[in-house]
Amino acid sequence: MMNKGTQPAKPAQYLSTFAEESENNFVAYLCYCGQSLGTVVYNDAELVGVFTGISSGVFNSVVRTHLGVENCQARIEEVVQTIRHNAVPAGWWIWPSTRPHGLAQMLSEHGFSTTPEIYPWMALKLTSLPGDILLPVNFTIEQVQDRATLHEWLQTQAVAYSSDSSQDSRLQVDYIAFQEQLGFEEHAPLRRYLGRLNGSPVGTSSIFIDQGGVGLYSVSVIPEARSAGLGSILSLLPLFAAREAGCQIATLMAPQGGGYRFYERLGFREVCRTNVHVWLPPQYA
């Protein structure tokens with residue numbers, strides 16, 4: 001699910017190396033997810049895209065475009081064929097580095113629409129984090145290392161991301177299978193974390209480690225456990241682990257609502273902004 005939300009309207013001050021790290025980690029993360037069976041992956045100097053076929057805009061998207069004007073139309077048409085075959089929503093991410101500059105108009109001509117949301121990316125140096133934090137009483141956090149805990153992680157995230165507490169939060173079978181294929185080894189690049197309060201799962205997070213950088217993803221807390229500071233713990237403890245693993249820079253896409261200010265308080269600063277062009281099959285339109 002793509003994060004949405006109203007973000008502060010202010011000029012972005014881009015820190016080029018952090019902006020590049022944000023893009024690089026997200027691209028590497030999506031390519032890692034592309035190892036699942038049946039996924040179509042584009043990964044060359046011009047284009048990086050991952051299309052799993054599950055109903056998720058994030059896991060069906062082009063995440064990097066460095067094209068020349070002369071071959072842009074042909075590559076878009078190539079990707080659109082894959083999207084039409086999968087018949088699920090797909091996205092095309094636009095970063096500050098995206099080329100050509102006229103890509104948005106070309107995507108529009110191929111059935112993509114521009115979403116109104118802007119997605120800020122934030123970063124910090126891990127040396128700026130505190131040395132340790134105090135856990136609340138009866139709260140624990142563990143790394144997901146087996147199938148049963150992964151299913152708890154997925155269900156907790158589904159409940160936390162639901163905009164309506166009465167909404168059906170059952171997970172799609174293909175999404176569960178996709179996540180299982182990604183594995184849950186202790187020292188894998190992708191590491192998921194589950195928070196429990198009094199033994200019950202209440203929150204999630206994950207990190208993706210790549211070339212000295214770490215991306216923070218999937219931070220969520222179920223409605224009943226919010227306003228207890230658990231989001232900061234679910235963010236910081238995985239970043240401590242990444243720091244111990246030798247990572248130097250952390251990046252994230254600012255979450256919806258008050259999450260932008262929350263991560264500012266943790267020391268993150270905005271480094272670039274992205275937007276997404278979306279293609280919808282007829283049954284989703």
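Where does His 110 lie relative to α3 and β5? In this predicted model, His 110 is placed in the loop between α3 (103-109) and β5 (113-114). Although it belongs to a loop, His 110 is classed as buried, because its relative accessible area of 16% falls under the 20% cut-off. Its side chain is joined to that of Gln 73 by a polar contact of 3.5 Å, and, when residues up to four places away in sequence are set aside, His 110 touches Ile 76, Glu 77, Val 80 and Trp 279 as well as Gln 73.

A second buried position is Ser 22, which is found in helix α1 (residues 16-33) and has a relative accessible area of 0%. With residues up to four places away in sequence not counted, the contacts of Ser 22 are Trp 95, Trp 121, Met 122, Thr 251 and Val 271. The C-alpha atoms of Ser 22 and Cys 272 are 8.4 Å apart in space, while the two residues are 250 residues apart in sequence.

Helix α4 (residues 147-161) comprises 15 residues and reaches 21 Å from its first C-alpha to its last, close to the 21 Å expected at 1.5 Å a residue. At the N-terminal end of α4, Asp 146 acts as a cap, with a side-chain oxygen 3.2 Å from the backbone nitrogen of Ala 148. The buried residues of this helix are Thr 149, Leu 150, Trp 153, Leu 154, Thr 156, Gln 157, Ala 158 and Ala 160, and the elements against which they pack are β7 (139-143), α5 (173-181), β8 (190-197), β9 (200-210) and β10 (213-221).

Notes:
Residues numbered from 1 in each chain as written. Predicted model: local features only at pLDDT ≥ 70, side-chain atom pairs only at ≥ 80, totals over all residues. Heavy atoms only, no water. Helix = DSSP H or I, 4+ residues; strand = E, 2+ residues; numbered from the N terminus. Buried < 20%, exposed > 50% of the residue type's maximum accessible area, 1.4 Å probe, protein only. Polar contact = N/O pair within 3.5 Å; in protein donor to acceptor, adjacent residues only side chain to side chain. Contact = heavy atoms within 4.5 Å. Expected span 1.5 Å × (residues − 1).
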